[in-house]
Amino acid sequence: MSQMLIPNTVTEACQMLSSGNRVACAGATNLYVDREKGKYLDRDIVSLHRLKELSGIREEKDGWHIGSLTTFDLIEDAFRGQGSMDALAEAASLVGGPQIRNRGTIGGNILSASPAADTVPVLMALDAVLVLVSETGQRMVSLNGFMKGPGRTAIHQGEILTEIVIPFKTGAARFRKVGKRNALAISIINVAVYMEKEAGRITALTIAIGSAGPTALRAFHTEELLRAWKRPDSEEKWQSLHEEIAIALSEDISPIDDIRATGSYRKTVAANVVLQLVRELWEACEK
């Protein structure tokens with residue numbers, strides 16, 4: 001029979017997690033589902049709900065600092081209409097329903113390591129860095145590469161994700177989720193694109209895609225392709241770009257067939273959405 005442990009400080013939480021068969025939880029929106037499926041039944045639960053210092057958003061010299069226990073509804077309220085961070089607000093607004101967004105946390109969305117997590121592609125596209133704390137100190141890790149597979153990350157035993165740091169950006173970003181419904185549905189594909197442009201050419205570009213592999217991932221081949229393009233000036237050239245994006249994405253993503261969609265459908269949708277977002281951003285950067 002597992003037991004519930006409730007630390008009062010981050011140090012206490014790290015100590016509790018450093019030994020034994022234990023798992024941390026915050027909003028517990030994923031944990032309840034996992035335990036219903038038989039997962040974690042043999043593990044003690046370390047609840048972080050008393051660690052109020054891990055919740056909240058602050059602006060510092062190096063960028064936005066988002067506490068790992070910050071809920072989706074707070075993120076949506078804070079960043080709606082705030083430049084490139086509006087993409088994160090959009091992703092947060094599409095996680096589950098109002099009850100989930102009121103309780104679920106961004107840290108839990110990251111550490112659950114679901115390939116379909118909605119906020120993760122945006123965080124990747126915005127070059128987010130994770131702050132991980134243990135009894136022995138602190139380390140900062142890029143979110144890109146942090147996920148190792150479904151449900152698996154590079155976090156060490158005894159570590160706690162305390163905050164996510166997003167550097168300030170001067171460009172624009174977009175997020176798009178494709179699912180059976182806009183919310184209360186797991187993504188079939190979700191895509192985040194960040195772009196900076198000068199003199200008609202892309203000067204900075206990141207593309208991150210979820211539900212297209214064992215983890216959310218960066219589409220490096222597609223990014224390289226698009227950096228070589230100027231903005232198409234005819235529908236024929238847009239169609240040509242669409243075809244090239246589909247080819248490049250075939251090297252970046254490896255979606256599977258599952259109950260929600262086939263891998264082939266996901267590839268088609270991913271190419272359509274990437275083109276759509278890139279076109280939107282090209283136009284946004286010109287205004």
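These legends walk you through close-up views of aromatic rings in a predicted model.

**View 1. Trp 64 and Phe 168 meet edge-to-face.** Searching the whole structure turns up three aromatic pairs, and here is one of them: the ring centres of Trp 64 and Phe 168 are 6.1 Å apart, with 75° between the planes. The two partners come from distant parts of the chain, 104 residues apart. Trp 64 belongs to strand S5 (residues 63-67), while Phe 168 lies in the loop between strand S10 (160-166) and strand S11 (172-178). Trp 64 is buried, at 18% relative accessible area, whereas Phe 168 is partly exposed, at 39%.

**View 2. Trp 238 and Trp 282 link two helices.** Look for Trp 238 in helix H9 (residues 235-252) and Trp 282 in helix H10 (residues 263-285); 44 residues separate them along the chain. Their planes stand at 85° and their centres are 5.9 Å apart, so this pair is edge-to-face. Trp 238 counts as buried, with a relative accessibility of 3%. Trp 282 is buried as well, with a value of 0%.

**View 3. Three rings gather in one aromatic cluster.** Here you can meet Trp 64 and Phe 168 again, this time with Phe 79: together they make up one cluster.

**View 4. Lys 169 places its charge over a ring.** The ring in this view belongs to Tyr 194, and the charged end of Lys 169 sits over that ring, 5.1 Å from the ring centre.

Key: Residues are numbered from 1 along each chain as its sequence is written. This is a predicted model: local features need pLDDT of at least 70, side-chain atom pairs count only at pLDDT 80 or more; totals for chains, interfaces and linings use all residues. Side-chain values use heavy atoms; hydrogens and water are left out. Rings of Phe, Tyr and Trp (its six-membered ring) pair if their centres lie within 6.5 Å; planes under 30 degrees apart count as stacked, over 60 as edge-to-face and the rest as tilted. Helices (H or I, at least four residues) and strands (E, at least two) are DSSP runs, numbered from the N terminus. Buried means under 20% relative accessible area, exposed over 50%, partly exposed in between (1.4 Å probe, protein chains only). A charge sits over a ring if NZ of Lys or CZ of Arg is within 6 Å of the ring centre and within 35 degrees of the ring normal.
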